[in-house]
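This report looks at how aromatic rings are arranged in one protein chain. Please keep the sequence and the structure at hand while reading.

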Amino acid sequence: MRDFALIHLNGVRREIRGREALMMLAEWLRKEAGLSGTKIVCAEGDCGACTVLRASCHPSSRSDQYLNFEAMNSCIATVAQLDGTHIVTVEGMQCGDHLSPAQEAMRTCHASQCGYCTPGFVMAISAMLERHDQADARTASNYLTGNLCRCTGYAPIVEAALTVRATEKHSVARRYSDPHSISESVSSTKLSMLVEYDGTKLFAPISLREAVTFSATHPGTRVLGAATDLGVQVNKGKPLPTSLLSLHLIPELYEIKLTRTRVTFGSRVTLAEVRRVSEDVAPEFARFLNLFASPQIKNVATLVGNIANGSPIGDTLPFLLIAGGEVHVASRPGAKGVVRKRKIPMTELYVGYKKLALEIGEIITHISFDRTSAKEVMSLCKVTQRKDLDISAVSGAFSLTLNSSLKASRNGKTAPHVVCARIAYGGVAATPLRMPEVELALCGELTAERIESVSQMIARSIKPISDVRGSASYRRVAAANLFRRFGNEVLRG
């Protein structure tokens, strides 16, 4: 057992204990490490001013001898959870007397006025250069999605991202992938970590057995996957829970398993990794994952975290409800000393507003769901005030399996025949909602009349509330219209 988090910061080894280990990384960088180039503006992971590059020393995060550096928001992550990683800030980008390519491009393109947001943009563009020698407009836009500028205007910033070129000399991975520091980080992550300060305890075990035992013996423990939501709460004045359990040192929770019909992700698999895998196994889900959370968030946040949060507007939950999702949970070893495990269908997981059907001490370890079949017609959608990075008022997930022979012969006279329908919504009840009665009503010949009837049935079946994102009546109309649009698109072929 060790009492410190080990990180390498701009190539320098740091052991961080006690109070400092429980600080948010951005605050620690500015106040304790003296690296004030990292800015704090929104403290919610929205503006990107706090962006740094992070590389994990977990084997799945490395490519050959080099680390994989990705952008992340440092304002909503505790230092303790960065244990075993390499962190590079804007101060670590300059090479001797020369600016990095991203810094030079921002200067040349006059992409900065007040300069407060500039370090975050530099780090986002630098993350892009770790993956792309040169970016096109779409790539640049994707990498800059999580950064806001209030005075320069985005045209020169985008120009900087489009004109910059990656160079081997300035590669962050090549500069900071020191074999000795990597080896040291890997060695340290083989020891459990316990950090304590002022009544707060954060435990990071190296085995699932230790994790479930700690959870069972410390009632009220908050389990941390990535803690992006907790980080926001702390920054808004809510104190840290007194008992925290971080899962970042447990190897089996980084697993990704594929079978012919199913896919399974461990609770430490990030949304970015889920999106990459889903491009082949659930392409509509992969497309949908592009519409929420910035790269800085997706590189840290986890799919299981979105599930465990239990919000009725959780973006991934409607998809998991229609994709046969199952939550894998583990609890304290029984009489024979074996960790007990069971599976809970997503349709049975939520028993009330943010209440999960978990027993005391149980931990979610994995999530599994069906691969999308070639016979399925699927659509995932959400209604928001802006297209990207916004909380939904209503979200919908629709899947139809059509009679393949009728689908193939459709010529405008033969209507498609629905063999199986799956429909789920978020934002229309206290929990994400699967609608079996509506699904049954949809089976059979798909006609304009049936689509309209089902749309009205959906509006009558849900009981949304009114809040700042929309009134109850608005949500009923939006939910019905989401399905109406999907159904008519299927009908048109």
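The text below describes ring pairs, their places in the chain and their burial.

The model is a predicted one. A pair of aromatic rings is described by the distance of the centres and the angle of the planes. With a limit of 6.5 Å between ring centres, the count comes to ten aromatic pairs. One of these joins Phe 398 and Phe 486, whose planes stand at 20 degrees with the centres 5.3 Å apart, so the pair is stacked, given that planes under 30 degrees apart are classed in this way. The two residues of this pair come from distant parts of the chain, since Phe 398 belongs to strand 20 (residues 394–402) and Phe 486 to helix 20 (residues 472–492), with their positions 88 residues apart.

A further pair involves Phe 486 together with Phe 483, and here the arrangement is tilted. Both residues of this second pair are in helix 20, where they are three residues apart, or about one turn of the helix. The two pairs are set out here.

| Pair | Centre distance | Plane angle | Class |
|---|---|---|---|
| Phe 398 and Phe 486 | 5.3 Å | 20 degrees | stacked |
| Phe 483 and Phe 486 | 6.3 Å | 55 degrees | tilted |

As to burial, Phe 398 has a relative accessibility of 0% and counts as buried, while Phe 486, with a relative accessible area of 4%, is buried too. Phe 483 is likewise buried.

Elsewhere, Phe 265, Phe 285, Phe 319 and Phe 369 are linked by ring pairs into a cluster. A charged residue also meets a ring, as Arg 2 lies over the face of Phe 4 at 5.8 Å from the ring centre.

Notes
Residues are numbered from 1 along each chain as its sequence is written. This is a predicted model: local features need pLDDT of at least 70, side-chain atom pairs count only at pLDDT 80 or more; totals for chains, interfaces and linings use all residues. Side-chain values use heavy atoms; hydrogens and water are left out. Rings of Phe, Tyr and Trp (its six-membered ring) pair if their centres lie within 6.5 Å; planes under 30 degrees apart count as stacked, over 60 as edge-to-face and the rest as tilted. Helices (H or I, at least four residues) and strands (E, at least two) are DSSP runs, numbered from the N terminus. Buried means under 20% relative accessible area, exposed over 50%, partly exposed in between (1.4 Å probe, protein chains only). A charge sits over a ring if NZ of Lys or CZ of Arg is within 6 Å of the ring centre and within 35 degrees of the ring normal.
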